[in-house]
Amino acid sequence: MKTILGNEGHLSNKQIVRLGGLIAFVCDRLPYEHILTDLITNGFILKNIDGYVLTDSGQIELRRLTSMAGLRQENFTDKK
């Protein structure tokens with residue numbers, strides 16, 4: 001995958017999977033169980049009484065990965 005950042009902007013497979021999980025989450029879908037577990041373990045999503053919420057570090061990671069991939073978060077969700 002070639003990104004806007006050129007050769008240094010490649011996302012690893014792990015980053016691509018994580019980005020897909022975060023995008024699914026902000027689009028009101030739960031990612032696959034193993035991806036959700038990774039996101040919870042790394043502190044990007046928090047499980048609470050009402051369900052799941054994106055943490056501040058999850059928002060930072062989403063912004064970082066979308067930037068590396070040459071995407072804009074506004075193109076796939078209204079959530080900030």
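Let's start where helix H1 meets helix H2: on the H1 side we have Val17, Arg18, Gly21 and Leu22, and on the H2 side they touch Ile35, Asp38 and Leu39. Sorted by class, that contact between H1 and H2 has four nonpolar residues, one polar and two charged. Please keep in mind throughout that this is a predicted model.

How do H1 and H2 sit relative to each other? Their axes come within 10 Å and cross at roughly 90 degrees. The two helices are therefore roughly perpendicular to each other.

Let me step back for a moment, for anyone new to this one. The protein has 80 residues, and 36% of them count as buried. Its secondary structure comes to three helices and two strands. If you walk along from the N terminus, the elements go α-α-β-β-α. And here is a number about how the chain comes together: take the contacts between residues at least 6 apart in sequence, and 47% of them join residues at least 24 apart.

Now back to H1, which has a second partner. Helix H1, residues 13-26, also packs with helix H3, residues 56-69. The angle there is about 120 degrees, and the axes are 10 Å apart. That makes H1 oblique to H3, since roughly perpendicular stops at 115 degrees. As for handedness, H1 passes H3 in a left-handed crossing.

Which residues make this contact? From H1 we have Gln15, Arg18, Leu19, Leu22, Ile23 and Val26. From H3 we have Gly58, Glu61, Leu62, Arg64, Leu65, Thr66, Met68 and Ala69. By class, that gives eight nonpolar, three polar and three charged residues. You may recognise Arg18 and Leu22 here, because we met both of them in the contact with H2.

Let's zoom in on a few individual residues, beginning with Gln15 in helix H1. Is Gln15 buried or exposed? Its relative accessibility is 18%, so Gln15 counts as buried. The Gln15 side chain reaches the backbone nitrogen of Ser12 at 2.8 Å. Leaving out residues up to four places away in sequence, Gln15 touches His10, Arg64, Leu65 and Met68.

On the H3 side, have a look at Ala69. This residue is buried, with a relative accessible area of 17%. What is 58 residues away from Ala69 in sequence, but 7.0 Å away in space? That would be Leu11, with the distance taken from C-alpha to C-alpha.

Two loop residues are worth a visit as well. Asp28 is found in the loop between H1 and helix H2, which spans 33-41. With a relative accessible area of 63%, Asp28 is exposed. What about its backbone? Phi of Asp28 is near 65 degrees, which is a positive value in a residue other than glycine.

The other loop residue is Thr55, placed between strand S2, residues 51-54, and H3. Where Asp28 is exposed, Thr55 is buried, at 18% relative accessible area. Not counting residues up to four places away in sequence, Thr55 touches Gly43, Phe44, Ile45 and Leu46.

So here is the picture to take back to your desks. H1 is roughly perpendicular to H2 and oblique to H3. Gln15 of H1 is buried, and so is Ala69 of H3. Thanks for listening, everyone!

Key:
Residues numbered from 1 in each chain as written. Predicted model: local features only at pLDDT ≥ 70, side-chain atom pairs only at ≥ 80, totals over all residues. Heavy atoms only, no water. Axes fitted to C-alpha atoms, helices over the stretch in contact; angles between N-to-C directions. Helix = DSSP H or I, 4+ residues; strand = E, 2+ residues; numbered from the N terminus. Parallel < 35°, antiparallel > 145°, perpendicular 65-115°, else oblique. Left-handed = near helix turned anticlockwise from the far one by under 90°. Contact = heavy atoms within 4.5 Å. Nonpolar A, V, L, I, M, F, W, Y, C, P; charged D, E, K, R; others polar. Buried < 20%, exposed > 50% of the residue type's maximum accessible area, 1.4 Å probe, protein only. Polar contact = N/O pair within 3.5 Å; in protein donor to acceptor, adjacent residues only side chain to side chain.
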